[in-house]
Amino acid sequence: MRMRFKPYARPELNACPFSASDPMAHKGSWHHSFARPAQPMHLELGCGKGGFLSRLAVQHPEINYLGIDITDKVLILAKRNIDRQYEAAGRKPDNVQIMSLDIERIYNAFDRRDTVQRIYINFCNPWNKKAGHKKHRLTHPKQLVLYRDFLADGGEVYFKTDDDNLFRDSLEYFPEAGFEIVWHTFDLHRDEPDWNIRTEHEQMFTEMGIPTKALIAVKR
Ligand SMILES: C[S@@+](CC[C@H](N)C(=O)[O-])C[C@H]1O[C@@H](n2cnc3c(N)ncnc32)[C@H](O)[C@@H]1O
């Protein structure tokens, strides 16, 4: 379903203390933009409405999180979800930020000084309709080599999808880009790991009877 333009989204995001309004301003110094710069940093690429990010970040104050999405229409909902989760926990959101950025140009916002320990990619667009479009997939080798630049050695990518073609291709993409797949499943919920947090799309596809495929890849 297409979401309507939300004129209030950008002003509300600009006024939000945990929304990074200029993605390039922190290039090379992301760690120092958090209250506790020495903590590990994890990214969520395509965080959407932030149901996953907000719950994960509030559970792990010892990690700094940055959620990235291209559209303000969903980032504004992520902002409000984060506010709600931290308010319920009685804490300030000092270990989480959100940012609007086209992940295909992530090199504009990060470099190797921004050592990231983990990246989450949840239910990204499968780009299945035309063969030439596959290069837009967030797990395409063209993208994975960009992430390598700021991912620590031994850093991980946690990837989940509903889409069989994207998943099978991704099982090849990661090794092609120098990652080792250390774990994968074609049905994450059959024996659901206790670390899993279901995203909005995961919930929707599960209700449609579509299994969630998942893998963990390590940068070698
Ligand atoms: C299908 S939704 C999944 C949202 C959420 N991760 C979930 O699992 O519910 C994909 C999200 O990725 C974002 N996205 C797609 N391409 C992107 C890009 N190139 N850069 C940044 N965000 C992107 C979309 O705006 C959308 O919010």
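These notebook entries cover what I looked up on the largest pocket and on salt bridges in this structure.

**Basis.** I am working from a predicted model, in which local features need pLDDT of at least 70 and side-chain atom pairs count only at pLDDT 80 or more, while totals for chains, interfaces and linings use all residues. Residues are numbered from 1 along each chain as its sequence is written, and side-chain values use heavy atoms, with hydrogens and water left out.

**Pocket.** I looked up the largest pocket (on a 1 Å grid over the protein atoms alone, an open set of points where a 1.4 Å probe fits, with protein on both sides within 12 Å along at least five of seven lines), and I noted a space of about 1100 Å³. Its lining (residues with an atom within 4 Å of a point) comprises 30 residues, of which G48, D69, T71, F123 and H201 are the closest to the centre. The elements that give two or more residues to this lining are β2 (41–45), α3 (72–89) and α6 (200–207); here helices are DSSP runs of H or I with at least four residues, and strands are runs of E with at least two. By class, I noted 14 nonpolar, eight polar and eight charged residues in the lining.

**Helix α6.** Which element gives the most to the lining of the largest pocket? I found that α6 does, with three residues. At the start of α6, a side-chain oxygen of T199 comes within 3.3 Å of the backbone nitrogen of H201, and after this helix follows G209, whose phi is positive, near 85°.

**Salt bridges.** Counting each side-chain nitrogen of Lys or Arg within 4 Å of a carboxyl oxygen of Asp or Glu, I arrived at 18 salt bridges. One of them joins K79 and E12, with the closest N and O atoms 3.2 Å apart; K79 is in helix α3 and E12 in helix α1 (residues 9–14), 67 residues apart. K79 counts as buried (under 20% relative accessible area) at 13%, whereas E12, at 23%, is partly exposed, a class that runs between buried and exposed (over 50%), with a 1.4 Å probe and protein chains only.

I next looked up K142 and E104, whose side chains meet in a salt bridge at 3.8 Å, N to O. K142 lies in helix α4 (residues 141–148) and E104 in the loop between β4 (96–100) and β5 (116–122), so the pair ties together parts that are 38 residues apart in sequence. K142 is partly exposed at 37% relative accessibility.

Definitions and conventions
Grid points are joined across faces, edges and corners, and a volume is the space filled by probe spheres set on the points. Ala, Val, Leu, Ile, Met, Phe, Trp, Tyr, Cys and Pro count as nonpolar, Asp, Glu, Lys and Arg as charged, and the others, Gly among them, as polar. A polar contact is a pair of N or O atoms within 3.5 Å; within protein, one must be able to donate a hydrogen and the other to accept it, and residues adjacent in sequence count only if both atoms are side-chain atoms.
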